[in-house]
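Colleague: I am new to this structure and would like to go through it step by step. Could you start with the salt bridges?

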Amino acid sequence: MEDSVRVKTVLPIMLLLALTGGCAGQQAGGAPEPAATTWTPPAKYGFVLDSRCGERALIGRFRVTVQDDKVVRTEGLDDSARRALMLRLADLVPTLRQLEAEAETARRDGADVVEVERDSTDAHPTRIKIDTSRDAVDDEACYTIEEYTIGLTGGPSPSPSR
């Protein structure tokens with residue numbers, strides 16, 4: 001009789017735990033939190049921009065620091081990027097907001113391909129591909145955004161020693 005009482009008491013508890021265990025980690029209401037779709041740029045952030053396709057001055061890998069929506073520091077991480085920075089073109093290296101605006105302008109102007117991939121946590125862009133015309137050669141712009149960090153504290157880079 002004692003075993004029968006234990007089964008009657010333990011079985012419903014185990015069933016209840018099994019049924020509610022599958023909901024662990026979900027918010028009240030049962031729906032998982034949706035991935036972010038809109039990115040709000042922080043006051044200061046940094047990233048590595050890899051720009052590889054098209055016939056443009058902005059080709060190479062760049063380390064970029066942005067403060068108050070302005071690029072305040074760039075570093076060429078490969079020969080192509082270092083050559084591009086030697087051109088000293090104003091605003092050559094864009095902020096992430098400027099890259100998003102470039103994609104939106106291309107979409108609005110009817111580009112054949114506009115793809116923007118975003119980070120699932122905060123929705124900052126991680127990859128942008130623009131091809132104005134599939135029939136044209138070298139009109140593409142391809143960007144990969146890596147090593148995104150928020151709130152950098154680094155100052156200006158030291159002058160290179162000679």
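Modeller: Yes, with the reminder that this is a predicted model. A search of the whole structure gives a salt bridge count of 12.

Colleague: Which residue forms a salt bridge with D50?

Modeller: D50 lies in strand β1 (residues 44-51), and its partner lies in strand β2 (residues 60-67), so the pair ties together parts that are 11 residues apart in sequence. The closest N and O atoms are 3.7 Å apart, which falls within the 4 Å cut-off for a salt bridge. The partner of D50 is R61.

Colleague: Is D50 buried or exposed?

Modeller: The relative accessibility of D50 is 14%. Buried means under 20%, so D50 counts as buried.

Colleague: Which other residue meets R61 in a salt bridge?

Modeller: In this bridge, N and O are 2.7 Å apart. The pair links distant parts of the chain, with R61 in strand β2 and its partner in strand β6 (residues 140-150), 85 residues apart. The partner is partly exposed, with a relative accessible area of 31%. That residue is E146.

Colleague: Which residues are linked with D50, R61 and E146 in a network of salt bridges?

Modeller: D50 bridges to R61, and R61 bridges to E146. The network that holds these residues also includes R52 and D78.

Colleague: Which residue forms a salt bridge with E147?

Modeller: The closest N and O atoms of this pair are 3.1 Å apart. E147 is in strand β6 and its partner in strand β2, 84 residues apart, and the pair links distant parts of the chain. Both residues count as partly exposed, E147 at 48% relative accessibility and its partner at 33%. The partner of E147 is R63.

Colleague: In what pattern do the helices and strands follow along the sequence?

Modeller: The secondary structure comes to 3 helices and 6 strands. Read along the sequence, they give the pattern α-β-β-β-α-α-β-β-β.

Colleague: What share of the contacts with a separation of 6 or more comes from residues 24 or more positions apart?

Modeller: One pair with such a separation is A84 and I59, which are 25 residues apart in sequence and 7.0 Å apart in space, C-alpha to C-alpha. These two residues also touch. For the chain, the share is 50%.

Colleague: Which residues does A84 touch, leaving out those up to four places away in sequence?

Modeller: A84 is found in helix α2. At 4% relative accessibility, A84 counts as buried. The residues touched are A57, I59, F62 and L92.

Colleague: How much of the chain is buried?

Modeller: D50 and A84 are both examples of buried residues. The chain has 162 residues, and the buried share is 29%.

Colleague: Which element gives the largest share of the lining of the largest pocket?

Modeller: The largest pocket has a volume of about 540 Å³. Of its 20 lining residues, the closest to the centre are V71, R73, T74, E75 and L85. The elements that give two or more residues to the lining are β3 (70-76) and α2 (79-86). The largest share, 7 residues, comes from β3.

Colleague: How many residues of that lining are nonpolar?

Modeller: The lining of the largest pocket also holds 5 polar and 6 charged residues. The nonpolar residues number 9.

Key:
Residues are numbered from 1 along each chain as its sequence is written. This is a predicted model: local features need pLDDT of at least 70, side-chain atom pairs count only at pLDDT 80 or more; totals for chains, interfaces and linings use all residues. Side-chain values use heavy atoms; hydrogens and water are left out. Helices (H or I, at least four residues) and strands (E, at least two) are DSSP runs, numbered from the N terminus. Buried means under 20% relative accessible area, exposed over 50%, partly exposed in between (1.4 Å probe, protein chains only). Contact means heavy atoms within 4.5 Å. On a 1 Å grid over the protein atoms alone, a cavity is a set of points where a 1.4 Å probe fits but cannot get out, and a pocket is an open set with protein on both sides within 12 Å along at least five of seven lines; lining residues have an atom within 4 Å of a point. Grid points are joined across faces, edges and corners, and a volume is the space filled by probe spheres set on the points. Ala, Val, Leu, Ile, Met, Phe, Trp, Tyr, Cys and Pro count as nonpolar, Asp, Glu, Lys and Arg as charged, and the others, Gly among them, as polar. A salt bridge is a side-chain nitrogen of Lys or Arg within 4 Å of a carboxyl oxygen of Asp or Glu.
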